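Here's a quick walk through one structure, taking in its main pocket, a couple of helices and an aromatic pair. Have the model open while you read.

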Amino acid sequence: MINRILEAIIAAMLLGAVGVAFLAVIYRYLLDDALSWSFEVSLALLTYITFLGSYLALRRGAHLKVDVLVRMLPVWTQSVLFLTNQVLIGGVGAIMAWFGTRQVLRFADQTTNVLEISSSWLYAAIPIAGALILLDAVVQFGLAIPRILHGQDADSRSDAETSAFDL
């Protein structure tokens, strides 16, 4: 359910970015005028697409991984590596959330040149995605413990199951 909502939001933002770019080209080359706001809107949309898209890719298990050697290891070792990986992913999410929040606060009083909105709206994508990534890593870690204790694969995404956030 959450994956579908994220996909719809990201698709709408991508459609918006393409629409803004198309309008900018039409105005620039056919009407010989420039849309002053098109760059800032495109930048904001692409920033959110990037960071929310990275979280969606994490949820779907779509990030690049090479696990040929890991799958040859005993299940217990695979489980330890999975848990270590979740700690590292959570650490990256925590760093994004912490330093992203600092950036949001640092630039809260500055505005963009054309739209004159707070620059913190651009930076907010980083702590939002970081917090979601951290939360997902904690949930995956928690889901893995009972699976490991029952001798199953620690990675719930390797099954047909979905993330714990899906209802």
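For sorting residues by class, Ala, Val, Leu, Ile, Met, Phe, Trp, Tyr, Cys and Pro count as nonpolar, Asp, Glu, Lys and Arg as charged, and the others, Gly among them, as polar. By that scheme, the lining of the largest pocket has 14 nonpolar, 9 polar and 6 charged residues. Bear in mind that this is a predicted model, where local features need pLDDT of at least 70, side-chain atom pairs count only at pLDDT 80 or more, and totals for chains, interfaces and linings use all residues. Residues are numbered from 1 along each chain as its sequence is written, and side-chain values use heavy atoms, with hydrogens and water left out.

**The pocket.** The largest pocket has a volume of about 730 Å³. Of its 29 lining residues, Lys65, Phe82, Asn85, Gln86 and Ile89 are the closest to the centre. The elements giving two or more residues to this lining are α2, α3 and α5, and α3 gives the most, with 11 residues. A pocket here is an open set of points on a 1 Å grid over the protein atoms alone, where a 1.4 Å probe fits, with protein on both sides within 12 Å along at least five of seven lines; lining residues have an atom within 4 Å of a point.

**Two helices.** Helices are DSSP runs (H or I, at least four residues), numbered from the N terminus. The expected span is 1.5 Å times one less than the number of residues.

| Helix | Residues in helix | End-to-end C-alpha distance | Expected span |
|---|---|---|---|
| α5 | 25 residues | 37 Å | 36 Å |
| α2 | 23 residues | 32 Å | 33 Å |

A glycine with positive phi comes after each: Gly151 just after α5, at about 75°, and Gly61 after α2, near 70°. Among the buried residues of α5 (under 20% relative accessible area, 1.4 Å probe, protein chains only) are Pro127, Ile133, Asp136 and Arg147. The buried side of the story continues with packing: these α5 residues pack against α2, α3 and α4, contact being heavy atoms within 4.5 Å.

**The aromatic pair.** How many aromatic pairs does a search of the whole structure find? It finds 1. The rings of Phe107 and Tyr123 have centres 4.8 Å apart and planes at 15°, so they are stacked. (Rings of Phe, Tyr and Trp, its six-membered ring, pair with centres within 6.5 Å; planes under 30 degrees apart count as stacked.) Phe107 sits in the loop between α3 and α4, and Tyr123 in helix α4, 16 residues apart. Phe107 counts as buried at 17% relative accessibility, whereas Tyr123, at 26%, is partly exposed, meaning between 20% and 50%.

Note on methods. Points joined across faces, edges and corners; volume = space filled by probe spheres on them. Phe/Tyr/Trp six-rings, centres within 6.5 Å; stacked < 30°, edge-to-face > 60°.
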